[in-house]
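Hi,

Here is the structure I promised to pass on. Have a look at it first, and then read on for what turned up in it.

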Amino acid sequence: MSIDRRTVARSVRALGVASAAAALTLSVAGSALACDIRDFSAEAKCDGAKGVITVTDVDASGVQATVTVFLQNNGADLKKVGVQKVKGSREGKTITFAEDWEPNAEYRVRVEAAGYVNADIKPNLTTPSTACTKDGEKPPASSASPTPSDSASASAPASASAPAEESESPAPSQSGSTAPAESASNAPSPAVGDSNLAETGAGSNTGLIAGIAVALVAVGGGAVFFGLRRRGANSDR
C-alpha cells in the first residue's frame with residue numbers, strides 16, 4: 001500500500017505546527033517563571049521608634065538576587081544603605097534594611113540577578129511624611145486636663161450663688177394679720193340680677209299679680225252680694 005505524497009506533506013506540516021505551538025507555550029511558561037524586576041517591591045516602615053526599609057521578592061523560580069539600597073539626593077546617590085541577597089518564592093521573601101529614614105526621603109533600590117535582572121525598582125521609594133515615634137506614646141497630659149482659667153470659671157458660679165441662697169428667707173405668713181378670704185363667702189350669694197329687684201319690686205310681675213287679685217276679690221264680693229240679694233227675694237215670697 002503506497003502513501004500519497006500529499007498526505008505525507010500534510011502530516012509533516014501539522015506536526016511542525018504542533019511542535020511550534022508547544023515550543024511557544026514552553027517559552028511563555030518559562031518566561032513567566034523567570035526572575036523579573038516586577039517580582040520585587042520596596043517599602044519604608046517603622047520598627048518602634050526606628051525606621052526600616054523592606055524589600056519583598058515574589059519570584060516563584062527562586063533565582064538568587066542581590067538587592068542594594070541607596071539614599072538619593074537631587075537624583076544622585078548620597079550613601080549606600082546596605083546590600084543583601086534574597087531567593088524569592090511564590091509566597092514572597094522579605095529582607096529588611098535598618099535605616100533611620102527622614103520624612104519624604106528618596107531611596108533607589110537596585111536588583112541584580114545574573115542572566116535575569118539588572119535594574120532599579122521603579123519608581124524610587126519615597127518615605128512617609130511623618131517620622132517614626134515610640135510605641136504607646138501618649139499626648140501630653142495638659143491637653144486632656146482643664147486649664148486653670150477653666151477650673152476657676154467653673155467654681156466661680158458656685159461661690160457666687162452661695163450668698164444668694166443664704167440671703168433668701170421664707171416670706172412671713174399673713175394668716176394672723178388678715179382675715180381669711182373665704183369667711184365672706186359662707187352666705188349664699190343672690191342670683192344674678194335679683195338682688196335689687198327683690199327689695200323694690202321693680203322689674204318683676206308683682207303689679208300684674210296684685211291687679212288680678214283685686215279683680216278676683218271684686219268678682220267674689222259681687223257674687224256674694226248678688227247671692228245674698230237673691231236669697232232675700234226668695235224668702236219674701
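Asp-120 and Arg-108 are both buried, at least in this model, which is a predicted one. Their side chains meet in a salt bridge, with 3.2 Å from N to O. Asp-120 sits in strand E7 (residues 117-120) and Arg-108 in strand E6, so this pair ties together parts that are twelve residues apart in sequence.

How accessible are these two residues? Arg-108 has a relative accessibility of 16% and Asp-120 one of 14%. The cut-off for buried is under 20%, which is why Arg-108 at 16% counts as buried and why Asp-120 at 14% does too.

Now for the other partners. Which residue besides Asp-120 forms a salt bridge with Arg-108? That would be Asp-77, where the closest N and O atoms are 2.6 Å apart. This pair links distant parts of the chain: Arg-108 belongs to strand E6 (residues 106-113) and Asp-77 to strand E4 (residues 76-87), with their positions 31 residues apart in sequence. Asp-77 counts as partly exposed, at 38% relative accessibility.

Asp-120 has a further partner as well: it forms a salt bridge with Arg-110, and here the closest N and O atoms are 3.0 Å apart. Again distant parts of the chain are linked, with Asp-120 in strand E7 and Arg-110 in strand E6, ten residues apart. At 21% relative accessibility, Arg-110 counts as partly exposed, because that class starts where buried, under 20%, ends.

Put together, Asp-77, Arg-108, Arg-110 and Asp-120 are joined into one network by salt bridges that share partners. For the wider count, the structure holds six salt bridges.

One more residue may interest you while you have the model open. Thr-68 is found in strand E3 (residues 64-73), and its relative accessibility of 11% makes it count as buried. What does Thr-68 touch? Leaving aside residues up to four places away in sequence, its contacts include two arginines of the network, Arg-108 and Arg-110. The others are Lys-80, Gly-82, Val-83 and Val-109.

If you want a place to start in the viewer, try Arg-108: it has salt bridges with Asp-77 and Asp-120, and Thr-68 touches it too.

Best wishes

Technical notes. Residues are numbered from 1 along each chain as its sequence is written. This is a predicted model: local features need pLDDT of at least 70, side-chain atom pairs count only at pLDDT 80 or more; totals for chains, interfaces and linings use all residues. Side-chain values use heavy atoms; hydrogens and water are left out. A salt bridge is a side-chain nitrogen of Lys or Arg within 4 Å of a carboxyl oxygen of Asp or Glu. Helices (H or I, at least four residues) and strands (E, at least two) are DSSP runs, numbered from the N terminus. Buried means under 20% relative accessible area, exposed over 50%, partly exposed in between (1.4 Å probe, protein chains only). Contact means heavy atoms within 4.5 Å.
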